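Please open the model in your viewer and colour it by secondary structure before reading on. The stops below say what to select next and what is to be found there.

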Amino acid sequence: MTQEAFEHHKLRNQLHVAADGVEALAFLRGEGEYADAPRPGLILLDLNLPRKDGREVLEEVKNDESLRSIPVVVLTTSQAEEDILRSYNLHANAYVAKPVDFERFIEVIRQIDDFFVSVVKLPR
């Protein structure tokens, strides 16, 4: 759905999708086949990832000095208070519950892009 939302709004940012948490961390760290992967300016993170869930990925990203400055937006179906609190305790920059309606989801993705690309000043 996120890929469709990016295509629908013709967002400026390139989207890279990892199939699971292990792949996501390899991409972020530039390991193996991802040795030439670009450093992302923003991470959209689902909590419900296979192999290594999003909570574990978030914890590793925020504990890694070379990655911790990348903003992480948790974008997930969970609206559980426990997930929200744990994500912020792990230093997520934002927590967004995915809307069920696709049109609303597209709008949420556009707003995240607008905020983190146009409004916020991020480190290079």
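How many helices and how many strands are there in the protein? There are five helices and three strands, and you should keep in mind throughout that this is a predicted model. Followed along the sequence, these elements give the pattern α-α-β-α-β-α-β-α. Of the 124 residues of the protein, 39% count as buried. Among the contacts with a separation of 6 or more, 57% are accounted for by residues 24 or more positions apart, and several of the stops below show pairs of that kind.

**Stop 1: helix H2 and its start**

Select residues 21-29, which form helix H2, and include Asp-20 in the selection. At the start of H2, a side-chain oxygen of Asp-20 comes to within 3.0 Å of the backbone nitrogen of Val-22. Now move to the other end of the element, where Gly-30, just after H2, takes a positive phi of about 65°.

Which residues of H2 are buried? They are Gly-21, Ala-24, Leu-25, Ala-26, Phe-27 and Leu-28, and what covers them includes strand E1 (43-45) and helix H3.

**Stop 2: H2 against H3**

Add residues 54-63, helix H3, to the view. Two packed helices are described by the angle between their axes and the distance between the axes. For H2 and H3 the angle is about 20° and the axes lie 9 Å apart; because angles under 35 degrees count as roughly parallel, H2 and H3 are described as roughly parallel to each other. H2 passes H3 in a right-handed crossing. Show side chains for the residues that make the contact, which are Gly-21, Leu-25, Leu-28 and Arg-29 on H2, and Val-57, Glu-60 and Val-61 on H3. Sorted by character, the residues of this contact divide into four nonpolar, one polar and two charged.

**Stop 3: Gly-21**

Centre the view on Gly-21, which is found in helix H2. Is Gly-21 buried or exposed? With a relative accessibility of 0%, Gly-21 counts as buried. Leaving aside neighbours within four places in sequence, Gly-21 is in contact with Leu-49, Pro-50, Lys-52 and Val-57. Pro-50 lies 29 residues from Gly-21 along the chain, yet the C-alpha atoms of the two are separated by 6.4 Å.

**Stop 4: His-16, Phe-27 and Pro-40**

Next select His-16, in the loop between helix H1 (2-9) and H2. His-16 is partly exposed, with a relative accessible area of 36%, and beyond its neighbours within four places in sequence it is in contact with Phe-27 and Pro-38. From His-16, draw a C-alpha distance to Pro-40, which gives 8.6 Å for two residues 24 apart in sequence.

Pro-40 itself is found in the loop between H2 and E1. Not counting residues up to four places away in sequence, Pro-40 touches Phe-27, Leu-28 and Ile-70. The C-alpha atoms of Pro-40 and Phe-27 are 9.5 Å apart, with their positions 13 residues apart in sequence.

**Stop 5: two residues with positive phi**

Most residues other than glycine have a negative phi. Select Arg-51, where phi is near 65°, a positive value in a residue other than glycine. Arg-51 sits in the loop between E1 and H3 and is exposed, with a relative accessible area of 64%. Then select His-91, which has a positive phi of about 75° although it is not a glycine. His-91 belongs to the loop between helix H4 (81-89) and strand E3 (94-97), and at a relative accessible area of 53% it is exposed.

**Stop 6: Ser-78**

Finish at Ser-78, in the loop between strand E2 (72-76) and H4. Why does Ser-78 count as buried? Its relative accessibility is 14%, and buried means under 20%. What does the side chain of Ser-78 reach? The side chain of Ser-78 reaches the backbone nitrogen of Ala-80, at 3.2 Å. Leaving aside neighbours within four places in sequence, Ser-78 is also in contact with Asp-83, Tyr-95 and Ala-97.

Technical notes
Residues numbered from 1 in each chain as written. Predicted model: local features only at pLDDT ≥ 70, side-chain atom pairs only at ≥ 80, totals over all residues. Heavy atoms only, no water. Axes fitted to C-alpha atoms, helices over the stretch in contact; angles between N-to-C directions. Helix = DSSP H or I, 4+ residues; strand = E, 2+ residues; numbered from the N terminus. Parallel < 35°, antiparallel > 145°, perpendicular 65-115°, else oblique. Left-handed = near helix turned anticlockwise from the far one by under 90°. Contact = heavy atoms within 4.5 Å. Nonpolar A, V, L, I, M, F, W, Y, C, P; charged D, E, K, R; others polar. Buried < 20%, exposed > 50% of the residue type's maximum accessible area, 1.4 Å probe, protein only. Polar contact = N/O pair within 3.5 Å; in protein donor to acceptor, adjacent residues only side chain to side chain.
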